[in-house]
Protein chains: 4
Amino acid sequence: MEINGVIIDDTYAEAFPAWVSEIIITAANRYLAHEAAEHATGFASSLIGSGAEAGIDYNLPPDRTPDGRPGCVILVAHPSKQQLKDQLVQRLAECVLTAPTTAIFNGLPDAPEKLPIKLHYYGDGYEYRTKIKDRNVWAIPIMGGEFITEEEIGCVKGIAGGNFFIMGIEQMATLTAAQAAIDVINGVEGAATSFPGGVTGSGSKIGSKMYKFMKASTNDAFCPTIKHKNPHSMVPEGVKAIFEIVIDGISEDKVRMAMAKGIRAACSIPGVTHISAGNYGGTLGPFKLKLHEILSS
Amino acid sequence: MEINGVIIDDTYAEAFPAWVSEIIITAANRYLAHEAAEHATGFASSLIGSGAEAGIDYNLPPDRTPDGRPGCVILVAHPSKQQLKDQLVQRLAECVLTAPTTAIFNGLPDAPEKLPIKLHYYGDGYEYRTKIKDRNVWAIPIMGGEFITEEEIGCVKGIAGGNFFIMGIEQMATLTAAQAAIDVINGVEGAATSFPGGVTGSGSKIGSKMYKFMKASTNDAFCPTIKHKNPHSMVPEGVKAIFEIVIDGISEDKVRMAMAKGIRAACSIPGVTHISAGNYGGTLGPFKLKLHEILSS
Amino acid sequence: MEINGVIIDDTYAEAFPAWVSEIIITAANRYLAHEAAEHATGFASSLIGSGAEAGIDYNLPPDRTPDGRPGCVILVAHPSKQQLKDQLVQRLAECVLTAPTTAIFNGLPDAPEKLPIKLHYYGDGYEYRTKIKDRNVWAIPIMGGEFITEEEIGCVKGIAGGNFFIMGIEQMATLTAAQAAIDVINGVEGAATSFPGGVTGSGSKIGSKMYKFMKASTNDAFCPTIKHKNPHSMVPEGVKAIFEIVIDGISEDKVRMAMAKGIRAACSIPGVTHISAGNYGGTLGPFKLKLHEILSS
Amino acid sequence: MEINGVIIDDTYAEAFPAWVSEIIITAANRYLAHEAAEHATGFASSLIGSGAEAGIDYNLPPDRTPDGRPGCVILVAHPSKQQLKDQLVQRLAECVLTAPTTAIFNGLPDAPEKLPIKLHYYGDGYEYRTKIKDRNVWAIPIMGGEFITEEEIGCVKGIAGGNFFIMGIEQMATLTAAQAAIDVINGVEGAATSFPGGVTGSGSKIGSKMYKFMKASTNDAFCPTIKHKNPHSMVPEGVKAIFEIVIDGISEDKVRMAMAKGIRAACSIPGVTHISAGNYGGTLGPFKLKLHEILSS
């Protein structure tokens, strides 16, 4: 299969189930909402070493948020519901409650399951219940004014680890293609990327052949500089750089849609030669997201 | 004391000792260095609920970095040296090693103490030692090319919790003043702010009167909306919003310099009426950073 | 009439007819498209001293542009069709043809009138005709590769000078409200603002009482600092700052919609007390955009 | 000559004399100063079709500006002193006087020649003279508050058209190198770039072989896609894209320094193979900026 002259490998991305919440962060302006969202989703690249996987999912214009202010929606994912809850409590308290002019609303109001994120204790008794349109919220007096937060945050059985690899003849061209992919994935509501800027330059394999104490190590089969030293190398001839996009989402459909749009965008950038994906023989998870299938629908 | 008509309270900021490291993150361009730095310092507002306190300290032009590329220097702080090390390992592995085109260098090469941040294990045996100018580094083959990292990261006995309060007649004006302060503090090398965008709208007191299980709660004495309910309120007449700037640094001097510059910048914005600072009767730490003294030197 | 406690004056914005074109600028990524769009719409605040009025109208995701790359749509307006054409030729040649990786497409393909913007002469004979999907374009060899441009650019009878005033108790709060308005106006396709950042701090009146050679001068009736010197002052009691939003659009409807959304957003920011609008007794133009009417629909 | 494996052609950039002014634009925060500066230097790529050449030169921290607020310094150049003055009057009136919270100061206070930029007439008699530190300024009442402007703007005999070409094996890699060059040139006070984002993808030659009415046309000798059609092609084997950086400055020295730093930065990006420069047999101007000489000092 080819798109725009780029070879699409006949392979699949292996993904795993995760509980996923979405939180609407609003603020007096888009910049302030974005700063809080960036901070709340920082240090959340992958479960290998972060407490959760998290990313900015999409921006909401004022006429789509509960309080009529600009909003930024973040996605947070973890296989354990309890740990997802703990991460939400800490990240929202540390990074959103503390940020200037922000408010918090449930981004998945239709989700049947809810996590109780009890930030109102921070009000030390001065807090009170109120309503913003049809939402039950707490108002917590703070130094900057009042902090508004919904405490019932919906969560759904979603999916983590959707991914694809972009391969090219040169590092910066390949990276530009990865950034083009991120740009369009940002528009898919319900799917988000968790790495810095959405792109990773160092995909991993599970475990390590040499260092047994490591949970993960470099994905050596896809490292171009050691192609000729590594008998198991899967780097195609002429490929000098590979970047990976990892996608989490509220459903398999959303992740597939994000993969399809991202791959097409990457294939529009000169210098890209191959698209592939990461899979680990079923050790990572049960989902198989086949590239050819995704790109044919 | 007054600056530009703004009353400077005769009080002090209470701060505590912390181990502090600085890491130079370089990348192919400033944007990429900044993205990695943002991510590595995310979810790091305060030790109340974050694993460390961290922030971007300053940008380095290419001619001041070890590898001649644009750099962004981050500051990470923790009272425990062991926990600082653990946080550095996780944050640098998750947020910088994974980011496109980045490299890591020790930002405090003259510090006598060093923390071993052994990222090279990630290379699974394909890594090798090399030199970038006078720096001993590891080169780790990754999908995007090679990741370069110095593994001996200097740390010093620094200071955390330097702070000041900006009070004004209106929320957005006071926030603008806080942002002006941040803008100038960003230029002080050796001092950084850890909250989202550098400003917090919800300063805290230690513990809680009402909820005994809380480590911290709202700084009620400085919450304008409950001024008339709270007999202990310290909100001056006419003040409608208070924002706090919290500063960590590699030395008391750097924090004092950042406080002085930040306060002066805040006082240049119309609508600001008072500057104060947070202290807790010595329960937080031994440093007393007196506003009048800082602003007189 | 009041919104959120803010008084809406019973007045109207006076606007005038103008020819309006829209141009889609695409590029390898959103940043590059935006840079070219910013440059092409620079030095274009108002016809008082600029060759045209121009602004960024909206962003287009890759799946909505002719060439599948991220796009930025600019709006350029002038009462004279000939001068609109001249400005398009110069601005597109100087600011988009020269920018890295950009392409140009007609943003109003359904407009019955077309302006011929003949950039292909720049190719010095090396240029050739080709197609991007259903669009007839020229490909011009340049140093960076090939520049693609559609040369028939649609134009319509639109409207310029739609406006409203935001008044508040303090400068920075009022400015924050103006920025909130801009943030939401940016989402209205077919309407754009031409001042730096979309906000003007110095509205004007036609001519000057004191300096007869001036085409325009300060809108003294709305200058807060001279309220007590100026018998004709229309600054309400307690108002300390007024910012104006000026909107051009492809139709009266689009401008009215942008005004309505912008006013509502501004009214959500604390510190705003009044909304008004600029009119000049019919000397500027025939359109009367009544605030109460616009906000009731 | 080689830098980092990149071949530096033994050639020179041809530049011409121009009058150059620098203006300090300050504002309540860095963002507002930058917006006004961007707008004031928009539509100013080259004298082929713009009224002037202009660009942002450097940022000033609050402690280096006359009014203690963040500043952005712009450079404006034109061979004719009268036209430079006219452009300054229009650009500063349209793009800075109108922008929120801005002020204007002379950026070359030591220049012996001064241009009178009489913005105070805009005040319609309500304006008054005052001082900001040692600067004589006018205060003009406007809707947003008061606009402060110095009216004597220094100008010097500078230089325009300094340039170099970056050539590489692939478009996006070569563009990344050009952006790396811009990033470091931004740090050279007294030199600025005028194209969108600082980089041009379509260098020009004087006149046109085919279309006699054109003042300038594509620099065909350096267009990679027509290498095999053009007997005069100077595109080296393997080069697929060329980007040009054009630099104006207050002195030949500043332009040479910016060229040297920019070339070195570009040579640090993988995929770049050659650096060259544009010259036109002395028809453009008297300055010959030799690459080897510049890079040896």
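**Group meeting talk: cavities, interfaces and salt bridges**

Okay, let's start inside the protein: the second largest cavity holds about 40 Å³ of space. Before I go on, keep in mind that this is a predicted model.

So what lines that second largest cavity? The residues are C:Tyr31, C:Leu32, C:Glu35 and C:Pro100, together with D:Gln179, D:Pro196, D:Gly197 and D:Val199. You'll notice names from chain C and from chain D in there. Helix H1 of chain C, residues 30-40, is the biggest contributor to this lining, with three residues. Sorted by character, the lining has five nonpolar residues, two polar ones and one charged.

Now the largest cavity. That one has about 50 Å³ of space. There are 13 residues around the largest cavity, and the ones closest to its centre are C:Ala99, C:Pro100, C:Thr101, C:Thr102 and C:Ile142. If you were paying attention, C:Pro100 also came up in the lining of the second largest cavity. Which element gives the most to the lining of the largest cavity? That's strand E10 of chain C, residues 145-149, with three residues. The split for the largest cavity is six nonpolar, six polar and one charged. And in case you want the overall tally, there are four cavities of 30 Å³ or more.

Right, on to how the chains sit against each other. Let's take chain C and chain D. Turn chain C by 180°, with a shift of 0.0 Å along the axis, and you can lay it on chain D with an RMSD of 0.0 Å. That's what a two-fold axis does. Which residue of chain C comes closest to the rotation axis? It's C:Gly42, with its C-alpha at 2.0 Å.

How many residues are involved in the contact? It takes 77 from chain C and 77 from chain D. As a bit of background, people often give the size of an interface as the accessible area lost when the parts come together. For chain C and chain D, the buried area is about 6,100 Å², and 61% of that is on carbon and sulfur atoms. On the chain C side, C:Phe43, C:Tyr122 and C:Met143 lose the most area to chain D, and together they make up 15% of what that side buries. Here's a nice point: 100% of the interface residues of chain C are interface residues in chain D too, so the copies meet through the same surface.

There are two salt bridges across the interface of chain C and chain D. In a salt bridge between C:Lys205 and D:Asp124, the side chains meet at 2.7 Å, N to O.

Next pair: chain A and chain D. Here again, a turn of 180° and a shift of 0.0 Å along the axis lay chain A on chain D, with an RMSD of 0.0 Å. The C-alpha of chain A nearest that axis belongs to A:Ala173, 2.6 Å away.

For this contact, nine residues of chain A touch nine residues of chain D. The buried area is about 650 Å², with carbon and sulfur atoms giving 73% of it. Which three residues supply the most of what chain A buries against chain D? They're A:Glu170, A:Met172 and A:Pro270, which supply 59% of that area. As for salt bridges between chain A and chain D, the count is zero. And once more the copies meet through the same surface, because 100% of the interface residues of chain A are also interface residues in chain D.

Last topic, salt bridges in general. Over all chains, the count comes to 48. One of them pairs C:Arg30 with A:Asp183, and the closest N and O atoms are 2.9 Å apart. Why does this pair join two chains? Because C:Arg30 is in helix H1 of chain C, while A:Asp183 is in helix H3 of chain A, residues 171-185. And helix H1 of chain C is the helix we met earlier, in the lining of the second largest cavity.

That's my tour, thanks for listening.

Terms used. Residues are numbered from 1 along each chain as its sequence is written. Chains are lettered from A and ligands numbered from 1 in the order in which they are written. This is a predicted model: local features need pLDDT of at least 70, side-chain atom pairs count only at pLDDT 80 or more; totals for chains, interfaces and linings use all residues. Side-chain values use heavy atoms; hydrogens and water are left out. Copies are superposed by least squares on the C-alpha atoms of residues with pLDDT of at least 70 in both. Contact means heavy atoms within 4.5 Å. On a 1 Å grid over the protein atoms alone, a cavity is a set of points where a 1.4 Å probe fits but cannot get out, and a pocket is an open set with protein on both sides within 12 Å along at least five of seven lines; lining residues have an atom within 4 Å of a point. Grid points are joined across faces, edges and corners, and a volume is the space filled by probe spheres set on the points. Helices (H or I, at least four residues) and strands (E, at least two) are DSSP runs, numbered from the N terminus. Ala, Val, Leu, Ile, Met, Phe, Trp, Tyr, Cys and Pro count as nonpolar, Asp, Glu, Lys and Arg as charged, and the others, Gly among them, as polar. Buried area is the accessible area (1.4 Å probe) that two parts lose on being put together, summed over both. A salt bridge is a side-chain nitrogen of Lys or Arg within 4 Å of a carboxyl oxygen of Asp or Glu.
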